[in-house]
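Below are some notes on the fold, the strand pairing, the ring pairs and two residues that I looked at separately. Please read them alongside the coordinates.

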Amino acid sequence: MPIVVPFEASRKFVTNAGQGTGSGASFSIAATSFIDDAGTSAIAFPNRYSYYLLNINGVLQLSSASTVSGNSIMIPNGDTLDTSIPIMVEFIVN
């Protein structure tokens with residue numbers, strides 16, 4: 001019998017690649033650079049989540065394309081992206 005989580009919800013955050021700092025493997029975007037579902041500036045990403053989805057320019061990325069902490073998302077070589085490309089992170093929380 002599969003394990004079913006009783007309740008899951010999503011939290012979405014959006015920004016553009018121009019909000020990132022660093023270069024190469026250390027390119028990251030601070031959580032405070034994102035706008036949340038309510039249209040307000042984010043303070044931090046969720047501390048607990050089942051998984052997250054990263055979309056760059058509307059294309060879902062593989063899990064190896066990023067790592068997340070409560071304060072930022074690291075996207076290796078994200079500094080090579082055009083600064084206007086949209087970045088969306090969706091966390092599935094329970």
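1. Two rings of Phe, Tyr or Trp are taken as a pair if their centres lie within 6.5 Å; planes over 60 degrees apart count as edge-to-face, those under 30 as stacked, and the rest as tilted. On that basis the structure, which is a predicted model, holds seven aromatic pairs.

2. One of these pairs is F34 with F45: the ring centres are 5.3 Å apart and the planes stand at 65°, so the arrangement is edge-to-face. F34 sits in the loop between β2 and β3 and F45 in the loop between β3 and β4, so the pair ties together parts that are 11 residues apart in sequence. Both F34 and F45 are buried.

3. Another pair, Y52 with F91, is tilted, with 5.8 Å from centre to centre and 35° between the planes. Here the link is between distant parts of the chain, as Y52 belongs to strand β4 and F91 to strand β8, 39 residues apart. F91 has a relative accessible area of 0% and is therefore buried. Ring pairs also join F13, F34, F45, Y49, Y52 and F91 into a cluster.

4. As for the overall fold, the protein chain has eight strands and zero helices. A compact globule of 94 residues would have a radius of gyration near 12 Å, and the 13 Å of this chain agrees with that. The C-alpha trace spans about 45 × 30 × 20 Å along its principal axes. Of the contacts between residues at least 6 apart in sequence, 67% join residues at least 24 apart.

5. On the surface, the chain exposes about 5700 Å², and carbon and sulfur atoms supply 56% of this area. Buried residues account for 33% of the 94 residues.

6. One open sheet has five strands in the order β3-β1-β8-β4-β5, with antiparallel pairing. Its edges are β3 and β5 (59–60); each has a single partner strand, so one side of each is left without a neighbour in the sheet. Within this sheet, eight bridges join β1 to β8 (residues 86–93), and the two run antiparallel. K12 stands opposite E90 in β8.

7. Three strands form another open sheet, in the order β2-β7-β6, and the pairing is again antiparallel. The edge positions belong to β2 (28–30) and β6 (67–68), each with a single partner strand, so one side of each has no neighbour in the sheet. β6 is joined to β7 (residues 72–74) by two bridges, and T67 stands opposite M74 in β7.

8. Is T15 buried or exposed? With a relative accessible area of 11%, against a cut-off of 20%, T15 is buried. The residue is in strand β1 (residues 9–16). Its side chain reaches the backbone oxygen of S33 at 2.9 Å. Leaving aside residues up to four places away in sequence, T15 touches I29, S33, F34, I85, P86 and I87; among them, F34 is also a member of the ring cluster.

9. Which residues does D37 touch, not counting those up to four places away in sequence? They are S10, R11 and K12. D37 lies in the loop between β3 (35–36) and β4 (51–56), and its side chain reaches the backbone nitrogen of K12 at 3.2 Å. The C-alpha atoms of D37 and V68 are separated by 18 Å, with the two positions 31 residues apart along the chain.

Notes
Residues are numbered from 1 along each chain as its sequence is written. This is a predicted model: local features need pLDDT of at least 70, side-chain atom pairs count only at pLDDT 80 or more; totals for chains, interfaces and linings use all residues. Side-chain values use heavy atoms; hydrogens and water are left out. Helices (H or I, at least four residues) and strands (E, at least two) are DSSP runs, numbered from the N terminus. Buried means under 20% relative accessible area, exposed over 50%, partly exposed in between (1.4 Å probe, protein chains only). A polar contact is a pair of N or O atoms within 3.5 Å; within protein, one must be able to donate a hydrogen and the other to accept it, and residues adjacent in sequence count only if both atoms are side-chain atoms. Contact means heavy atoms within 4.5 Å. Two strands pair if DSSP finds at least two bridges between them. The radius of gyration is taken over C-alpha atoms; the globule rule is 2.2 Å times the number of residues to the power 0.38. Accessible areas come from the Shrake-Rupley method with a 1.4 Å probe; for residues, only the protein chains shown count as cover. Rings of Phe, Tyr and Trp (its six-membered ring) pair if their centres lie within 6.5 Å; planes under 30 degrees apart count as stacked, over 60 as edge-to-face and the rest as tilted.
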